[in-house]
Amino acid sequence: MKKIIPLLVLTIFFSLNTVSCSNDDNPQPVNTVDKDTIAEVHELVNPVFTANSIYSYQYRLNFRLDYDSDQLLIYRQVDTTTSGSPVWVLLPSSFTNDSGTITHSFDFSKEDFTIYMDANYDIKTLTPNFLTNQVFRIVIIPGFFPSTKSTTPAVDYNDYASVIKYYNIDESKMKNISTSTEVSK
């Protein structure tokens, strides 16, 4: 019996260590990516900005932001390079023309996001290229609440290509957002 007790204690000890696995939901160290939320990108083409919508576009998410710390970034295509590659700018962003300044901004929750367009002049006089034929990229990135502040950001969020590379997003799997499922105001 005395020989069985140490063997039993050892068996219980190893069993408990095998059962207690690591939990990826714990806060991640600064400058690391949360591995249980998958970063992804969605494309929104030609949302309708009208006076009826107060020059905003709201979309109810058909994908999920699972954690309070997950983030949603929105980029607007502002141009193309001479080789035809899109040029992306992180919202909020402003553009100044002869009439004044136009600003695109956004907000989001776990349920939806809204893109806003505003100007410091009568928005009805905007050239059509600001009201139509807009392309946006909505990037979902995993988040975490670090216990300490980092003085150096892990990635430049203003640079769309850097974000895609850092979060290892496969753009060939990009999902299109249907403008027919927008939320009516």
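Reader: Which residue of S7 does Ser56 stand opposite?

Author: Ser56 stands opposite Tyr116. The model is predicted: local features need pLDDT of at least 70, side-chain atom pairs count only at pLDDT 80 or more, and totals for chains, interfaces and linings use all residues. Residues are numbered from 1 along each chain as its sequence is written, and side-chain values use heavy atoms, with hydrogens and water left out.

Reader: What makes S2 and S7 a pair?

Author: Two strands pair if DSSP finds at least two bridges between them. Five bridges join S2 to S7, so the requirement is met. The two strands run antiparallel. A strand here is a DSSP run of E with at least two residues, while a helix is a run of H or I with at least four; both are numbered from the N terminus.

Reader: How do you know that S6 pairs with S7 as well?

Author: By the bridge count again: strand S6 (residues 101-108) and S7 share seven bridges in the antiparallel sense. Ser105 stands opposite Tyr116 in S7. A hairpin through three residues joins S6 to S7.

Reader: Why is strand S7 called largely enclosed?

Author: Buried means under 20% relative accessible area, exposed over 50%, and partly exposed in between (1.4 Å probe, protein chains only). Six of the eight residues of strand S7 (residues 112-119) are buried, so the strand is largely enclosed by the rest of the structure. In the protein, buried residues make up 34% of the 185 residues.

Reader: Why is Thr50 called partly exposed?

Author: Its relative accessible area is 29%, so Thr50 falls in the class between under 20% and over 50%. Thr50 lies in the loop between strand S1 (40-45) and strand S2 (56-60). The C-alpha atoms of Thr50 and Met117 are 9.9 Å apart in space, with their positions 67 residues apart in sequence counted as separation.

Reader: What makes strand S4 and strand S9 edge strands?

Author: Each pairs on one side only. They belong to an open sheet of five strands in the order S4-S3-S8-S1-S9, with mixed pairing. Strand S4 covers 86-90 and strand S9 covers 175-177.

Reader: How do you know that strand S3 and strand S8 pair?

Author: Six bridges join strand S3 (residues 71-80) to strand S8 (residues 135-141), and the two run antiparallel. The bridge partner of Gln71 in S8 is Ile141.

Reader: How many helices and strands does the protein have?

Author: The protein has three helices and nine strands.
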